[in-house]
Amino acid sequence: MQRPFLKWAGGKFNLLPHILPQLPTGRRFFEPFLGAATVFLNTDYDEYHLGDTNADLINLYKTVKLLGEDYIKHAFKYFKPRYNESRKYYQLREKFNQSCDPIERSCLFLYLNRHGYNGLCRYNRSGRFNVPFGSYKKILFPDEAIYAFHKKSQNAKFYCDDFSKIMKKANKLGDIIYADPPYYPLSKSANFTSYGQIKFSHDDQQSLADLSEKLATKNVHIVISNQLTPETQVLYQKAKLYQFPVRRSISCRGNRRYDVEELLAVYCPKDTVNSL
Ligand SMILES: C[S@@+](CC[C@H](N)C(=O)[O-])C[C@H]1O[C@@H](n2cnc3c(N)ncnc32)[C@H](O)[C@@H]1O
């Protein structure tokens, strides 16, 4: 299995053994909530259409796709041990927030992802990255994983767009979508997840389910990840549901854990893609 080169909230690496068997063979693969791109990296389709609303993430992926080893050289200069220090971190965070150069921004985004607190990606209301220093003893430079991404992404197109725009490109048998939206909150008092400044609301979750039902009638195969709640069971009532237990950490340092049920909602076209 190929590990992604970013740390990302909601990353699905450990859940791949459950997700991959739900993805049939096909021609075009769409991943509209890309995050660390875990599922993309571990599948094999002819063509990929990958999107996320996080502009820094998509800029990073486009740069890695284009520059490969040159990107690795540029980014490596920020991984010297003397840069793993609080004062330097805040200087580089400021440099990132002021930079309009796409290559420099992509290198600093990786630096912040690896040196910042818990690999979080969070911005304030004015769009400035504001994650504090992570204080990790040892920082790994993920050069091999970046290179694997570079090679794999040559038949991929990246979009900084809302999920609905990417999903609507799928329209026929052989098109497969894997959608991993921010989790539906477990209780009414818990907040809807927000990545950056934008929240993913109940209405967004509903539109994703509605659009999936519609695309399934065009023979598109769709798999959605979420957690099991009374609301998600209603949202995906027209899909086949698979559930399995997962452990999730609640404290910031990840040392308190609780069990939840993870859900996969699968919308299958009537015909199988193998008959293409
Ligand atoms: C749970 S994460 C995906 C994790 C990914 N599957 C992985 O394994 O790393 C959800 C992603 O959806 C993105 N996102 C949030 N709202 C979105 C929207 N309306 N359209 C597209 N992407 C969105 C976030 O930026 C985040 O990267």
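I take a residue as buried if 20 or more other C-beta atoms lie within 10 Å of its own, as exposed if 12 or fewer do, and as partly exposed in between. The model I consulted is a predicted one.

**Entry 1: Asn219 and Asn118**

I looked up Asn219, which sits in the loop between helix H9 (202-216) and strand S7 (221-227). I counted 17 other C-beta atoms within 10 Å of Asn219, so I entered this residue as partly exposed. Its phi is positive, about 75°, although Asn219 is not a glycine.

I then turned to Asn118, in the loop between H6 and H7. Asn118 is likewise not a glycine, yet its phi is positive at about 60°. Because 15 other C-beta atoms lie within 10 Å, I recorded Asn118 as partly exposed.

**Entry 2: helix H3**

I checked the length of H3, which runs over residues 55-67. At 1.5 Å a residue, its 13 residues should span 18 Å, and I found the end C-alpha atoms 18 Å apart, which agrees.

Which residues of H3 are buried? I listed Asp56, Leu57, Leu60, Tyr61, Thr63 and Val64. These residues lie on the same side of H3, because they cover an arc of only 165° around the axis. I noted the background to this: an α-helix has 3.6 residues a turn, so residues three or four places apart point the same way.

I next asked what the buried residues of H3 pack against. Their partners are two strands, S2 and S3 (156-160), and the helices H4 (69-76), H6 (102-115) and H7 (143-152). Just after H3, I found Gly68 with a positive phi of about 50°.

**Entry 3: surroundings of the ligand**

I examined the 22 residues around the ligand and noted those that come nearest: Gly10, Phe33, Gly35, Ala36 and Thr38. Helix H2 (38-41) and strand S2 (47-52) are the elements that give two or more residues to this shell. I thus met S2 in two places, since the buried residues of H3 also pack against this strand.

By residue character, I divided the shell into ten nonpolar, seven polar and five charged residues.

**Entry 4: Ala148 and Phe33**

I located Ala148 in helix H7. With 16 other C-beta atoms within 10 Å, Ala148 is partly exposed. I compared its position with that of Phe33, which is among the residues that come nearest to the ligand. Ala148 and Phe33 stand 115 residues apart in sequence, and I noted a C-alpha to C-alpha separation of 20 Å in space.

Terms used:
Residues are numbered from 1 along each chain as its sequence is written. This is a predicted model: local features need pLDDT of at least 70, side-chain atom pairs count only at pLDDT 80 or more; totals for chains, interfaces and linings use all residues. A residue is near a molecule or strand if its C-beta atom, placed from the backbone, lies within 6 Å of it. Helices (H or I, at least four residues) and strands (E, at least two) are DSSP runs, numbered from the N terminus. Ala, Val, Leu, Ile, Met, Phe, Trp, Tyr, Cys and Pro count as nonpolar, Asp, Glu, Lys and Arg as charged, and the others, Gly among them, as polar. The expected span of a helix is 1.5 Å times one less than its number of residues. The arc is that of the directions from the helix axis to the C-beta atoms. Two residues are in contact if their C-beta atoms, placed from the backbone, lie within 7 Å.
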